[in-house]
Structure formats: C-alpha cells, structure tokens
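Please open the structure in your viewer and keep the selection panel at hand. The tour below proceeds one selection at a time.

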Amino acid sequence: MAFAGISYIAVIAAAVVAWLVSAGWYMSLGRVYQTALGKTPEQCKAEMQKPGAFLPFVYALIGNLVIAWMLAGVLGHLGPGAVTFKNGVITAAFIWFGFILTTMVVNFVFSGRDKRLLAIDLGNWLLVLVVMGAVIGWIGV
C-alpha cells in the first residue's frame, strides 16, 4: 500500500525497528544517562511508577512514525529507482548531520547540560535515522 509513492509498510516498519533499536541504545547506556541527568536509580524507578509513565514511549513511537514518513518523502524525491538501501542510509546520515546534530548542539550549548547527554542523544538519533533510512531503502518507497 502506498500514497504518493510512500510505502506505509516501509514507514511503519522503519519506525518500529528504530524505536526498538533506540530502546536498546538507552538501555545499554542507562546508568551513564541517569548519572548525567543527576538522577539515582531509585528516582528513576519511582518515576516509572507514576501514572502515565508509559506515555513518553508512546510519544517516541509517534515521533518515529512522523520522522520515518518524512524521511520516506525525502527519499521518494530522489526519483524512480533511486530509493535503495545505500541511498536510504546516506540520506539519513546527511539529514542527521545537517539538522539533528546542529540543532542539538545549539540547544545543549545554551542549556548547560552534561555533555554526556548530548553524546548519548546524538548517537541515538544517528542510529535511529540510519536504521530508518536502511529499512525504507530496503523495503522501498
């Protein structure tokens, strides 16, 4: 199923796979991330018990769906036959470098937050975009 050349299956698959990869990324760096946030494991556990604690995960999936849809749109503009695994990965990396890296660095410079948060978050978004580009390019637009 596609609309305007964008495969909804590719978009959904890219969003879900990237969401899972992102979860793995943060789980593997959880202790460092908590420390950089200035939170103890006990504080994080208490926050997870609050009503609506699951909502950030839902918002992250919705955000990933929008990002995957936009990335598929950008890849679709490469032209017929140009949507490939390689082009998906390259395009995603360019988008990360031009928009995500620059925006996050500016935000972090002004916020004065721990630089480890910047490194972890930047790594996450690079991974998310590259995975999305790979999936969209592999399945096709």
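A residue is called buried when its relative accessible area is under 20%, exposed when that area is over 50%, and partly exposed in between. The model on display is a predicted one.

**First stop: a helix residue**

Begin by selecting residues 55-76, which form helix α4. Within this helix, pick out N64. Is N64 buried or exposed? Its relative accessible area is 3%; because buried means under 20%, N64 counts as buried.

Next, display the surroundings of N64. Leaving aside residues up to four places away in sequence, N64 touches A15, A18 and W19, and also W125, V128 and M132.

**Second stop: the salt bridges**

How many salt bridges does a search of the whole structure find? The search finds two, and each may be visited in turn.

For one of them, select E47 and K39, which are joined by a salt bridge. The closest N and O atoms of this pair lie 3.0 Å apart. E47 is partly exposed, at 32% relative accessibility, and K39 is likewise partly exposed, with a relative accessible area of 30%.

Then move to R116 and D114, whose side chains meet in a salt bridge. Here the N to O distance is 2.7 Å. R116 has a relative accessible area of 37% and is partly exposed. Its partner D114, at 25% relative accessibility, also counts as partly exposed.

To close the tour, return to N64 in helix α4 and view once more this buried residue with its contacts, among them W19 and W125.

Notes. Residues numbered from 1 in each chain as written. Predicted model: local features only at pLDDT ≥ 70, side-chain atom pairs only at ≥ 80, totals over all residues. Heavy atoms only, no water. Helix = DSSP H or I, 4+ residues; strand = E, 2+ residues; numbered from the N terminus. Buried < 20%, exposed > 50% of the residue type's maximum accessible area, 1.4 Å probe, protein only. Contact = heavy atoms within 4.5 Å. Salt bridge = Lys/Arg side-chain N within 4 Å of Asp/Glu carboxyl O.
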